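User: I would like to learn how to read a protein model, one feature at a time. Where should we begin?

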Amino acid sequence: MNYDTFVDQVAQRTRASSERAVELTRATLETLAERLTGGELLDLAAQLPKPLQLVLKPRPGTEAADRFGAAEFVARVGQRAGIDENAARDTVRAVFTTLREAVSGGEFDDIVVQLPRDYREMVEPALAPGATLRRG
């Protein structure tokens, strides 16, 4: 999936402009980058378009994942994007669903495995049949 398609999918799912979708995607991916191990982060980045790879660049000393639950994940996305908790939760679902379409199933499974059970509410919509947008 190319960058414009990724942003368009997030924009449609969040009912936001393309410019806002870029901000929402960045906020979510930056938070995900804190939550994943460095190796997994590199594996994920390798399957994404260049502008998204830059967001996921591991920082020095980030081999270990920062351990935080779903509520903290949503709070961090909300803070980064300047949105409330409900909008942040919807944003995370939209970006995870788009990620699921953009990377291989095995890679998405590798990401999900690193997330605790309380993330299920945000990740399961991405795994559901029919979660992908229809083109037409």
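**Reading a helical chain**

Analyst: Begin with the whole chain, bearing in mind that the model is predicted. Of the 136 residues in the protein chain, 46% are buried.

User: How many helices and strands does the protein chain have?

Analyst: The protein chain has 8 helices and 0 strands. Along the sequence the pattern is α-α-α-α-α-α-α-α. Contacts add to this picture: among those between residues at least 6 apart in sequence, 73% join residues at least 24 apart.

User: How do I describe two helices that pack together?

Analyst: Two packed helices are described by the angle between their axes and the distance between the axes. Take α2 (residues 18–35) and α5 (residues 70–81): their axes are 9 Å apart, and the packing angle is about 140 degrees. The two helices are therefore oblique to each other. The crossing of α2 and α5 is right-handed.

User: Which residues of α2 and α5 make the contact?

Analyst: From α2 the contact uses R20, L24, A27, T28, E30, T31, L32, E34 and R35, and from α5 it uses F73, R76, V77, R80 and A81. Sorted by class, this contact has 6 nonpolar, 2 polar and 6 charged residues.

User: At what angle do the axes of α2 and α6 cross?

Analyst: They cross at roughly 80 degrees, and the axes come within 10 Å. An angle from 65 to 115 degrees counts as roughly perpendicular, and α2 is accordingly roughly perpendicular to α6. In α2 the residues L24, T25, T28, L29 and L32 meet T91, V92, V95, F96 and L99 in α6. The class count for α2 with α6 is 7 nonpolar, 3 polar and no charged residues.

User: How are α6 and α8 packed?

Analyst: The axes of α6 and α8 lie 8 Å apart, at an angle of about 40 degrees. That makes α6 oblique to α8. The crossing of these two helices is right-handed. On the α6 side, R89, V92, R93, F96, T97 and R100 take part, and they meet E121, M122, V123, P125, A126 and L127 of α8. By class, the contact has 7 nonpolar, 1 polar and 4 charged residues.

User: Which residues of α8 are buried?

Analyst: M122, V123 and A126 are buried in α8. They cover an arc of only 85 degrees around the axis, which puts them on the same side of α8. The cover over these buried residues includes α5, α6 and α7.

User: Which residues are buried in α7?

Analyst: In α7 (residues 105–113), the buried residues are E107, F108 and I111. Their arc around the axis is only 100 degrees, which puts them on the same side of α7. They pack against α2, α3, α6 and α8.

User: Now the loops. Where is V103 found, and is V103 buried or exposed?

Analyst: V103 is in the loop between α6 and α7. Buried means under 20% relative accessible area, and V103 is buried at 6%. Leaving out residues up to four places away in sequence, V103 touches L44, Q47, L48 and F108. V103 and Q47 are 56 residues apart along the chain, and their C-alpha atoms are separated by 5.7 Å.

User: What can be said of L48, one of the residues that V103 touches?

Analyst: L48 sits in the loop between α3 and α4. With 5% relative accessibility, L48 counts as buried. Apart from residues up to four places away in sequence, L48 touches F6, Q53, L56, L99, A102 and V103. L48 and L99 are 51 residues apart along the chain, with 8.6 Å between their C-alpha atoms.

User: What should I look for in the backbone angle phi?

Analyst: Look at its sign. Most residues other than glycine have a negative phi. In this model, R15 has a phi near 55 degrees, a positive value in a residue other than glycine.

User: Where is R15 found, and is R15 buried or exposed?

Analyst: R15 is in the loop between α1 and α2. At 77% relative accessibility, R15 counts as exposed.

Definitions and conventions:
Residues are numbered from 1 along each chain as its sequence is written. This is a predicted model: local features need pLDDT of at least 70, side-chain atom pairs count only at pLDDT 80 or more; totals for chains, interfaces and linings use all residues. Side-chain values use heavy atoms; hydrogens and water are left out. Axes are lines fitted to C-alpha atoms, for helices over the stretch in contact, and angles run from 0 to 180 degrees between N-to-C directions. Helices (H or I, at least four residues) and strands (E, at least two) are DSSP runs, numbered from the N terminus. Angles under 35 degrees count as roughly parallel, over 145 as roughly antiparallel, 65 to 115 as roughly perpendicular and the rest as oblique. A crossing is left-handed if the near helix is turned anticlockwise from the far one by less than a right angle, and right-handed if clockwise. Contact means heavy atoms within 4.5 Å. Ala, Val, Leu, Ile, Met, Phe, Trp, Tyr, Cys and Pro count as nonpolar, Asp, Glu, Lys and Arg as charged, and the others, Gly among them, as polar. Buried means under 20% relative accessible area, exposed over 50%, partly exposed in between (1.4 Å probe, protein chains only). The arc is that of the directions from the helix axis to the C-beta atoms.
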